[in-house]
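Please open the model in a viewer and keep the selection panel at hand. The tour below proceeds by selection, from a whole chain to a single residue.

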Protein chains: 2
Amino acid sequence: MDEKVAAKADQVGIASPRRSPAQQRSRERVERMLAAASALIAEQGSDAMRMGEVAEKAGVSIGSLYQFFPDKRAIVWALAERYTAEGQACISAALKEVEDAEGFKSAFSELVDIYYQLFLAEPVIRDVWSGTQADKALRALELADSRANAEFLVAVLKRLRPDADPVQLETTAFLVWQMGEAAVRLAISVDREEGDRLVEAYKRMALRELVGE
Amino acid sequence: MDEKVAAKADQVGIASPRRSPAQQRSRERVERMLAAASALIAEQGSDAMRMGEVAEKAGVSIGSLYQFFPDKRAIVWALAERYTAEGQACISAALKEVEDAEGFKSAFSELVDIYYQLFLAEPVIRDVWSGTQADKALRALELADSRANAEFLVAVLKRLRPDADPVQLETTAFLVWQMGEAAVRLAISVDREEGDRLVEAYKRMALRELVGE
DNA sequence: TTCAAAATGTGATAAATCCTCACATTTGCA
DNA sequence: TGCAAATGTGAGGATTTATCACATTTTGAA
């Protein structure tokens with residue numbers, strides 16, 4: 001499992017850690033490092049996060065930090081990787097049981113709300129995903145995540161609209177999903193009232209596109 | 001004019017330059033600095049751009065650079081500020097003469113294509129706008145720019161659909177514009193064929209939302 | 001023209017930060 | 001037990017941003 005993650009990280013331009021934690025002791029320490037990083041990011045943002053602070057807060061030396069994370073970006077990437085995994089599980093579960101268009105509409109709407117609330121409430125998630133445009137590795141992770149999530153949509157839509165063109169469906173789902181991320185990011189950047197309006201407008205637009213009028 | 005820009009920069013969290021270029025000589029040097037920065041960003045990205053390199057390429061000392069730009073981000077911000085100004089002029093011009101729904105559709109479609117081509121062809125623009133999620137000053141600039149551009153859309157749409165709810169129109173236009181940026185960014189991140197499909201899908205979706213079926 | 005004040009120009013260097021590396025300690029296991 | 005692998009450490013090398021005291025050029029009023 002750790003090897004899988006390392007391999008995936010390699011593909012998107014993150015150097016693999018020199019070591020994967022093999023012993024219980026180091027696994028716990030890596031957890032403490034990630035927790036410390038998470039706390040610091042929540043406080044000041046990942047840009048202001050200092051490797052020395054992470055090490056100190058985790059109660060390890062700076063050398064230990066670099067034993068498992070090749071560089072600063074890798075820490076943020078590791079956090080992002082976890083969020084995508086959690087997110088995909090959540091989305092897959094929410095869409096799996098959908099049977100008809102009405103069910104899809106309410107499931108989709110609920111997913112968007114969850115996403116919106118998550119970004120409103122969690123500074124770490126907000127910060128980690130904000131690096132997504134500038135950092136190539138994060139960008140690749142986000143694209144892969146978006147594609148995976150779009151696939152969940154496509155799987156449901158193929159059942160609901162068996163006549164639809166599959167390629168068209170893929171394109172639309174991918175686009176709609178990315179736009180959802182954009183919409184949520186926009187919504188949390190403005191005041192709450194306007195943000196709510198924007199999210200509702202996005203839902204309407206997305207559903208119209210995905211399941212028609 | 002320079003004071004205006006400085007004031008605007010202040011509002012979004014960019015410290016004002018200690019000095020605005022007042023003499024012809026320094027104005028030319030500032031241009032050289034921006035040109036050098038632009039070239040370096042095109043080569044390696046703004047993250048890899050080094051202040052020393054910018055100074056050297058511009059033929060000025062590092063001290064002169066900091067005379068007019070308080071920090072590294074300010075250089076990128078200054079470039080971004082120019083692109084938004086140019087973009088707004090272009091958009092305003094394209095929409096000003098629209099008379100009916102058909103005219104709007106073709107003008108909008110053309111604008112999206114221009115935007116897409118610009119991002120495909122110009123590494124500097126691509127890079128500068130990619131910092132938009134992480135850098136607060138850039139984010140604020142982009143939001144203000146998006147609002148301004150959405151206003152151009154609203155102005156036209158009010159003429160085409162005098163019965164529509166103004167608040168709804170504002171929300172939709174703002175959202176659709178931001179989504180267009182997201183769509184273009186997505187399109188340039190994938191292979192050309194899929195990118196073209198995504199942009200076309202966006203156009204269809206946006207136009208359906210803005211002017212109906 | 002003169003000359004003082006403002007504007008501009010310079011680059012060594014202070015300060016901050018990332019990351020490495022040589023060496024120490026702990027753990028797993030034959 | 002004893003050795004190899006895994007893990008732990010933190011001083012210091014390497015980079016890079018940004019400052020500042022001082023030099024030079026331009027402007028404009030007398």
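Begin by selecting chain A and colouring it by secondary structure: from the N terminus on, its elements read α-α-α-α-α-α-α-α-α-α. The model is a predicted one, and in it chain A has 10 helices and 0 strands.

**The whole of chain A**

Keep chain A selected and orient it along its principal axes; the C-alpha atoms fill a box of roughly 60 × 40 × 25 Å. If a surface is drawn, the accessible area of chain A comes to about 10,100 Å², and carbon and sulfur atoms contribute 52% of it. Of the 213 residues in this chain, 49% count as buried. Among contacts in chain A with a separation of 6 or more, 70% are between residues 24 or more positions apart. Next, select the charged side chains: chain A carries 28 positive and 35 negative charges, and the mean positions of the two sets are 6 Å apart.

**Both chains and their axis**

Now display chain B as well. What turn lays chain A on chain B? A turn of 180°, with a shift of 0.0 Å along the axis, superposes chain A on chain B with an RMSD of 0.0 Å. This is the relation of a two-fold axis.

To find the axis from the side of chain A, select Met179(A). Of the residues of chain A, Met179(A) comes closest to the rotation axis, its C-alpha being at 2.8 Å. Then select the interface residues: 100% of those in chain A are also interface residues in chain B, so the copies meet through the same surface.

**Helix 9 of chain A**

Select residues 166-187 of chain A, which form helix 9. From its first C-alpha to its last, this helix of 22 residues reaches 31 Å, close to the 32 Å expected at 1.5 Å a residue. Is helix 9 of chain A mostly covered or mostly open? Buried residues make up 18 of its 22, so helix 9 is mostly covered.

**Gly195(B)**

Finally, move to chain B and select residues 192-211, which form helix 10 and include Gly195(B). Is Gly195(B) buried or exposed? Its relative accessibility is 0%, and therefore Gly195(B) counts as buried, the cut-off being under 20%. Show its neighbours next: leaving aside residues up to four places away in sequence, Gly195(B) touches Tyr116(B), Ala187(B) and Val190(B). As a last selection, add Tyr66(B), which is 129 residues from Gly195(B) along the chain; a distance of 40 Å separates their C-alpha atoms.

Definitions and conventions
Residues numbered from 1 in each chain as written. Chains lettered and ligands numbered in written order. Predicted model: local features only at pLDDT ≥ 70, side-chain atom pairs only at ≥ 80, totals over all residues. Heavy atoms only, no water. Least-squares fit on C-alpha atoms with pLDDT ≥ 70 in both. Contact = heavy atoms within 4.5 Å. Helix = DSSP H or I, 4+ residues; strand = E, 2+ residues; numbered from the N terminus. Buried < 20%, exposed > 50% of the residue type's maximum accessible area, 1.4 Å probe, protein only. Areas by Shrake-Rupley, 256 points an atom, 1.4 Å probe, with all protein chains shown as cover. Lys, Arg positive; Asp, Glu negative; His and termini not counted. Charge placed at Lys NZ, Arg CZ, Asp CG, Glu CD. Expected span 1.5 Å × (residues − 1).
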